[in-house]
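Visitor: I would like a close look at a single part of this model, with its surroundings described residue by residue where that is possible. Could you take the pocket as the main subject and then turn to a few individual positions?

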Amino acid sequence: MIVVGVDGSVPSRAAVEWAVDDALRTHKPLRIVHAVDRSPYQIAKFPGAEWPDALVKAGQKILDEALAVARDRQPSVDVTTKLEDGAPALVLTGQDTAATEIVVGSRGHGGFAGALLGSVSGHVAGRARCPVVVVRGAPQQARGQVVVGVDDSQESEPALRYAFEQAMLRGATLRAIHAWQLPVHAFAPEIAYDMDDIRTAQYQIVRAALERFEKEYPQVTVVEDIQSGHPVEALTRASADGDLVVVGSHGRGGLGAMLLGSVSRGVLHHAHCPVAVVRSRPEGPQDAGT
């Protein structure tokens with residue numbers, strides 16, 4: 001099941017359109033979720049029950065409008081709605097055990113307010129255990145390319161699998177970007193580096209990461225893009241010609257598991273197309289039986 005969060009804003013409408021398109025591609029049902037946060041009205045400063053009731057009515061209207069958008073765009077997709085009580089970020093993150101992916105707008109209004117990367121979208125992308133897609137702006141004409149960041153960590157494997165799957169479903173080319181930088185001490189005059197050896201090593205990193213998935217997804221055409229530079233800049237540039245950028249987030253356990261990495265956060269702030277953050281599922285008691 002795909003879950004999309006809505007609040008009635010323009011970005012949340014774009015998120016619904018992206019989510020229902022992906023539900024069609026993946027043959028999965030779509031659940032549209034709106035969170036009603038009553039907490040500001042449950043303190044003495046805001047007496048009276050009429051305010052929470054008004055929030056519920058407004059929330060139902062938002063869901064009805066989102067449902068109409070989804071059904072108009074993809075009539076064959078199984079779409080349901082759900083009105084939840086609680087803070088939007090917590091409500092959406094709590095959907096991650098049932099969802100195969102969660103889709104949110106880059107920012108919204110009311111409970112979904114934020115900066116370029118909204119507080120809710122940042123929270124969900126950093127904490128949810130399933131892939132989270134952050135959508136900015138209206139859907140654009142398909143460009144036929146999915147972009148994925150590649151590094152040498154095992155934690156990047158879930159992001160690669162998601163990217164290959166998206167490329168296959170879309171019939172798109174997969175552009176695998178590996179951006180590398182020399183360490184600061186490399187520029188010391190007394191230290192010599194063989195640049196050919198460095199480039200060969202970077203190529204081997206990409207080959208090792210992609211080889212397994214190329215065998216599993218032989219129908220996907222892969223373009224290897226190995227360049228010297230900052231990963232955020234490289235992925236952001238590529239996003240201008242992409243339908244989706246996929247990045248991993250390598251948080252582990254405790255606080256680390258709840259934070260976006262610098263690359264994923266940077267791409268979320270600057271990409272020109274939707275971004276999927278795929279976090280390596282943490283091992284621990286919270287995963288028992290799931």
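Guide: In this predicted model, the largest pocket has a volume of about 360 Å³. Its lining is made up of 21 residues, and those that lie nearest the centre of the pocket are Trp18, Gln140, Ala142, Arg170 and Asp243. Sorted by class, the residues that line this largest pocket comprise 8 nonpolar, 6 polar and 7 charged ones. Among the contributors to the lining, helix α1 gives the most, with 3 residues.

That helix, α1, spans residues 10–26 and also holds Glu17, which can be considered next. Glu17 has a relative accessible area of 12%, and because this falls under the 20% cut-off, Glu17 counts as buried. When residues up to four places away in sequence are not counted, the residues that Glu17 touches are Val69, Arg73 and Pro139.

A second position to examine is Val222, which belongs to strand β8, a strand covering residues 222–228. Once its neighbours within four places in sequence are left aside, Val222 is in contact with Phe164, Leu174, Ala176, Leu210 and Glu214. For a further distance involving this position, one may take Val146, which is 76 residues apart from Val222 along the chain, while the C-alpha atoms of the two are separated by 9.7 Å.

Notes. Residues are numbered from 1 along each chain as its sequence is written. This is a predicted model: local features need pLDDT of at least 70, side-chain atom pairs count only at pLDDT 80 or more; totals for chains, interfaces and linings use all residues. Side-chain values use heavy atoms; hydrogens and water are left out. Helices (H or I, at least four residues) and strands (E, at least two) are DSSP runs, numbered from the N terminus. Buried means under 20% relative accessible area, exposed over 50%, partly exposed in between (1.4 Å probe, protein chains only). Contact means heavy atoms within 4.5 Å. On a 1 Å grid over the protein atoms alone, a cavity is a set of points where a 1.4 Å probe fits but cannot get out, and a pocket is an open set with protein on both sides within 12 Å along at least five of seven lines; lining residues have an atom within 4 Å of a point. Grid points are joined across faces, edges and corners, and a volume is the space filled by probe spheres set on the points. Ala, Val, Leu, Ile, Met, Phe, Trp, Tyr, Cys and Pro count as nonpolar, Asp, Glu, Lys and Arg as charged, and the others, Gly among them, as polar.
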